[in-house]
Amino acid sequence: MAKIIGGLGTSHVPSIAVAIDKGLADTADWKPFFDGYIPARAWMADKKPDIAVVIFNDHGNAFFLDQVPTLAVGVADSYRPIDEGWGPRAVPDFPGAPEFSWHLVDTMVENHFDPLVCRELEVDHGMQVPMELFFGRPEAWPARVVPILVNTIQFPIPTPQRMWDLGLVLRKAIASWDTEETVAILGTGGLSHQLQGSRAGFINPEADRAWIAEIGDNPEKYRNMTREDYVEVFGSEGAELIMWLVMRGAMDEKVHTVHSHYYSPASMTGAGMVVLENSEA
Ligand code: DHB
Ligand code: FE
């Protein structure tokens with residue numbers, strides 16, 4: 001059966017992509033942020049997963065506010081990186097894993113999750129940035145991807161508990177996938193930020209550091225919070241963090257944190273990362 005080799009969480013701030021494209025990664029502003037990802041990239045190069053399941057939200061690029069699916073899964077052969085206005089990026093297309101995607105969709109429906117199924121999909125910074133942070137800038141991506149998109153941009157967003165339950169279903173789908181493939185799960189978004197309204201510019205580094213420290217060993221704390229709690233503690237866009245719960249829910253009860261990193265502010269955002277492995281694996 002297929003096997004989960006790790007769960008990773010990371011911010012997906014779009015200015016990270018711009019910093020890479022403009023060669024700013026070694027500047028004083030950005031180096032402390034990028035240096036924190038070096039061990040995670042080495043971990044990924046060592047583990048070489050066959051498939052990366054990436055949980056992220058579209059930001060009005062593939063879908064706009066006229067059509068916002070609460071949950072969507074890509075089943076395409078490949079996914080084109082969207083140009084978000086800074087020009088086309090030197091990022092290769094992401095090869096899909098349609099067989100596993102369809103198995104995942106089927107397992108979801110069997111377990112009462114009913115996603116929008118995308119045969120064609122362009123992916124924005126929600127997926128581009130995490131892939132670059134963990135895999136670098138390869139000429140071709142070494143892992144095939146399965147995009148899971150969650151609405152975190154227009155209320156009502158799903159509950160944290162629902163994200164956890166989706167993680168349990170993802171775990172089931174991997175455990176029942178009759179191949180020897182290895183899977184890394186990337187939960188993306190956050191950390192604290194708010195880009196709009198009277199609290200625009202809000203970040204909460206203390207809560208971010210607690211999240212990074214606790215998401216491995218004490219996910220119950222975050223699973224039991226309400227959506228409103230997320231907005232209050234992490235900001236209206238920091239509520240993207242609910243997507244890390246899909247990753248954490250898919251992992252075993254006992255995990256250990258192999259790498260973690262926190263830096264703020266990156267752009268207007270608390271930015272960070274964890275790499276988790278199942279402890280019994
Ligand atoms: C920004 C956008 C994001 O989608 C995010 O997750 C963090 C920051 C931004 O525009 O600064
Ligand atoms: Fe985002």
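**Entry 1: histidine 12**

Is histidine 12 buried or exposed? I looked this up in a predicted model, in which local features need pLDDT of at least 70 and side-chain atom pairs count only at pLDDT 80 or more, while totals for chains, interfaces and linings use all residues. I also noted that residues are numbered from 1 along each chain as its sequence is written, that chains are lettered from A and ligands numbered from 1 in the order in which they are written, and that side-chain values use heavy atoms, with hydrogens and water left out.

Histidine 12 counts as buried because its relative accessibility is 2%; buried means under 20% relative accessible area, exposed over 50%, and partly exposed in between, with a 1.4 Å probe and protein chains only. I found histidine 12 in the loop between β1 and α1, where helices (H or I, at least four residues) and strands (E, at least two) are DSSP runs numbered from the N terminus.

I then listed what histidine 12 touches, leaving out residues up to four places away in sequence, and the list includes Asn57, His59, His125, Thr188, Gly189 and Glu240; contact here means heavy atoms within 4.5 Å. The side chains of histidine 12 and threonine 188 are joined by a polar contact of 3.0 Å, and a polar atom of the histidine 12 side chain lies 3.5 Å from the backbone nitrogen of glycine 189. A polar contact is a pair of N or O atoms within 3.5 Å; within protein, one must be able to donate a hydrogen and the other to accept it, and residues adjacent in sequence count only if both atoms are side-chain atoms.

**Entry 2: the iron ion**

Which protein atoms are donors of the iron ion (ligand 2)? I wrote down His12 (NE2), His59 (NE2) and Glu240, which is listed twice through OE, at 2.0 to 2.8 Å from the ion. Donors are N, O and S atoms within 2.8 Å of the metal (3.2 Å for Na, K and Ca), and water is not among the atoms, so sites may look incomplete.

The donor residues follow the spacing H-x46-H-x180-E in sequence. Distant parts of the chain are linked by the pair of histidine 12 and glutamate 240, which are 228 residues apart, with glutamate 240 in the loop between α9 (227–234) and α10 (244–250). Glutamate 240 is buried, as histidine 12 is.

Why is the arrangement around the iron ion (ligand 2) irregular? The six donor atoms subtend angles of 51 to 151 degrees, and this makes the arrangement irregular. For the term, I noted that four donors count as tetrahedral if all angles lie between 85 and 135 degrees, that four count as square planar and six as octahedral if opposite donors are over 155 degrees apart and all others between 65 and 115, and that anything else is irregular.

**Entry 3: ligand 1**

Around ligand 1 I found ten residues' names to check, among them His12, His59, His125, His193, Glu240 and Thr269; a residue is near a molecule if one of its heavy atoms lies within 4 Å of it. A polar side-chain atom of histidine 59 lies 2.7 Å from an oxygen atom of ligand 1, while the N or O atoms in question are 2.8 Å from a ligand oxygen for the side chain of histidine 125 and 3.3 Å for that of histidine 193. The protein covers 85% of the 300 Å² of accessible area that ligand 1 has on its own, with areas taken from the Shrake-Rupley method with a 1.4 Å probe, where for residues only the protein chains shown count as cover.

**Entry 4: helix α5**

How many residues of helix α5 (residues 125–135) are buried? Eleven of the eleven are, so the helix is largely enclosed by the rest of the structure. Among these buried residues I noted His125, Gly126, Val129 and Pro130. At the start of α5, a side-chain oxygen of aspartate 124 comes within 2.8 Å of the backbone nitrogen of glycine 126, and just after the helix glycine 136 has a positive phi of about 75 degrees.

**Entry 5: backbone details**

I looked for cis peptide bonds and noted one from phenylalanine 155 to proline 156, with omega near 5 degrees; proline 156 is placed in the loop between β8 (144–150) and α6 (160–175). Serine 264 and proline 265 are also joined by a cis peptide bond, with omega about -10 degrees, and proline 265 belongs to strand β10 (residues 255–266).

Lysine 48, a residue other than glycine, has a positive phi near 45 degrees and sits in the loop between α3 (38–47) and β2 (51–56). Lysine 48 counts as exposed because its relative accessibility is 60%. Histidine 112 likewise has a positive phi, near 70 degrees, in the loop between α4 (98–110) and β6 (116–118), and histidine 112 is exposed, with a relative accessible area of 63%.
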